[in-house]
Amino acid sequence: MDKEEPAVDGGPGAQGAALIELDGVEKVFDVRRRTGFLKRERHEVRAVDALSFRVRRGEMVGYIGPNGAGKSTTIKMLTGILTPSGGRLRVAGLDPSRERTRLAQRIGVVFGQRTTLWWDLPLIDSYRLMHRMYRIPDARYRENLDRCVELLELADLLDVPVRQLSLGQRMRGDIAAALLHDPEILYLDEPTIGLDVISKVKVRGFLRDVNTERGTTVLLTTHDLQDIEQLCSRVMVIDHGRLMYDGPLAGLHEAGESERTLVVDLERELPPVDVPGARVVRVEGARQWLAFPADRSAAPLLAHVAAAYPLVDLSVREPDIEAVIAKMYAGRTVS
Ligand SMILES: Nc1ncnc2c1ncn2[C@@H]1O[C@H](COP(=O)(O)OP(=O)(O)OP(=O)(O)O)[C@@H](O)[C@H]1O
């Protein structure tokens with residue numbers, strides 16, 4: 001067992017010792033671009049730029065950003081597949097690219113777009129191979145396998161070749177494979193991509209259980225913000241390789257300077273209502289939508305509308321997190 005790193009002040013909501021530590025990490029790719037017949041130009045792509053953060057034991061952190069932001073490059077450095085061009089990186093006290101084999105015993109990885117399972121073999125054969133590859137003690141393997149089979153509903157799939165599994169079945173199979181050796185850290189790269197609603201609910205429920213029951217630290221990359229809303233108390237937003245936000249999901253609303261919406265059902269169609277501190281953004285028949293700053297209380301608006309207009313119903317809608325994030329990306333000045 002490796003000695004544990006001392007606790008370091010980490011991100012918001014962090015509890016235990018820092019398991020993942022990045023200090024000024026960079027990754028620069030050298031790319032050759034064709035600029036004409038026989039002519040090529042070299043240029044650098046700075047995929048990750050001065051990235052610093054800490055993730056503590058037991059945290060479940062969302063890692064989001066637009067296409068090409070640097071998420072996969074970060075995950076690849078955290079697993080040791082890629083070597084950083086600069087900065088300091090430690091995972092469970094290890095240098096991932098130099099101690100990749102030792103680290104492999106301590107992490108589990110699920111890439112939603114790829115499988116780690118043997119395509120032509122029945123699912124159970126992949127698990128048997130992993131049992132040997134990771135030298136998992138028999139009792140532990142059996143216990144972990146039984147648990148995953150039960151909770152991920154894999155019993156009827158164990159004898160099916162992986163290539164015959166549906167995307168959702170294969171994903172559940174991949175998640176089980178990543179957990180058989182009891183990793184302390186689980187990296188999930190788009191674990192719900194392409195899944196139907198029911199499969200997503202199952203996968204999210206299972207991941208939540210793994211985190212709470214086993215204390216597994218989870219770093220989750222996704223374009224599905226419901227994954228983050230339902231699983232992560234902390235979210236990091238990356239763009240152009242840089243960390244733009246690190247904090248609770250709710251704090252994104254403030255960072256994005258977003259608005260809440262007051263939906264007003266009037267007794268009849270009326271011209272746009274006039275309420276101080278809010279503006280009408282949409283009218284449909286007797287229903288009107290009023291936008292107001294997310295950090296303001298809705299109470300005075302409700303009171304004003306109720307006193308001045310013939311009302312049937314009122315409701316307040318929280319900002320759409322996707323809109324907030326899109327606004328954050330749009331507002332960033334690219335260097
Ligand atoms: N092997 C590579 N060689 C050259 N450039 C690369 C390489 N891998 C990634 N990049 C570039 O680095 C940047 C970050 O890519 P990365 O795959 O990390 O983004 P991402 O946030 O995971 O995006 P997506 O959401 O689309 O998967 C992009 O500009 C990408 O083109």
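User: Which share of the contacts in the chain with a separation of 6 or more comes from residues 24 or more positions apart?

Analyst: Residues 24 or more positions apart make up 69% of those contacts, where two residues are in contact if their C-beta atoms, placed from the backbone, lie within 7 Å. Please keep in mind that this is a predicted model, in which local features need pLDDT of at least 70 and side-chain atom pairs count only at pLDDT 80 or more, whereas totals for chains, interfaces and linings use all residues. Residues are numbered from 1 along each chain as its sequence is written.

User: What is the mean pLDDT of the chain?

Analyst: The mean is 87, and 91% of the residues reach 70 or more, on a scale from 0 to 100 that gives the predictor's confidence in each residue. For the complex, the predictor gives an ipTM of 0.97 and a pTM of 0.77.

User: Where does pLDDT stay under 50?

Analyst: That happens over residues 1–15, for which the model nevertheless has 37 contacts beyond four places in sequence. Among the elements, helix α10 (residues 321–331) has the lowest mean pLDDT, at 69, while strand β4 (residues 86–91) has the highest, at 96.

User: And how many helices and strands are there in the chain?

Analyst: The chain has 10 helices and 13 strands; helices (H or I, at least four residues) and strands (E, at least two) are DSSP runs, numbered from the N terminus. Along its principal axes the C-alpha trace spans about 75 × 55 × 50 Å, and of the 335 residues, 37% count as buried. A residue is buried if 20 or more other C-beta atoms, placed from the backbone, lie within 10 Å of its own, exposed if 12 or fewer do, and partly exposed in between.

User: Changing topic, which residues are around the ligand?

Analyst: They are Phe29, Val31, Val45, Ala47, Gly65, Asn67, Gly68, Ala69, Gly70, Lys71, Ser72 and Thr73, a residue being counted if its C-beta atom, placed from the backbone, lies within 6 Å of the molecule. By class, this shell has 5 nonpolar, 6 polar and 1 charged residues. In that scheme Ala, Val, Leu, Ile, Met, Phe, Trp, Tyr, Cys and Pro count as nonpolar, Asp, Glu, Lys and Arg as charged, and the others, Gly among them, as polar.

User: Which element supplies the largest share of that shell?

Analyst: Helix α1 does, with 3 residues, and β1 (18–36), β2 (39–56) and α1 (71–79) each supply at least two.

User: Let's look at α4; which of its residues are buried?

Analyst: Tyr141, Leu145 and Cys148 are the buried residues of α4. Seen down the helix axis, they fall within an arc of 70°, so they line one face of α4; the arc is that of the directions from the helix axis to the C-beta atoms. On the other side of α4, Ala139, Arg142, Asp146 and Glu150 are exposed.

User: What do the buried residues of α4 pack against?

Analyst: They pack against α3 (123–133) and α5 (167–179). In α3, Leu123, Ser126, Tyr127 and Met130 are buried, and because they cover an arc of only 100° around the axis, they sit on the same side of α3. The buried residues of α3, in turn, pack against α4 and α5.

User: What is found in the loop between α3 and α4?

Analyst: Ile136 is found in that loop, and Ile136 counts as buried because 20 other C-beta atoms lie within 10 Å. Leaving aside neighbours within four places in sequence, Ile136 is in contact with His131, Tyr141, Leu180 and His181. The C-alpha atoms of Ile136 and His181 are separated by 6.0 Å, although the two residues are 45 residues apart along the chain.

User: One last thing: is Glu153, just after α4, buried or partly exposed?

Analyst: Glu153 counts as partly exposed because it has 14 C-beta neighbours inside 10 Å. It lies in the loop between α4 and α5, and it has a positive phi of about 50° although it is not a glycine. Ala92 likewise has a positive phi of about 50° without being a glycine, but Ala92 is in the loop between β4 and α2 (100–104), and it is buried, with 24 other C-beta atoms within 10 Å.
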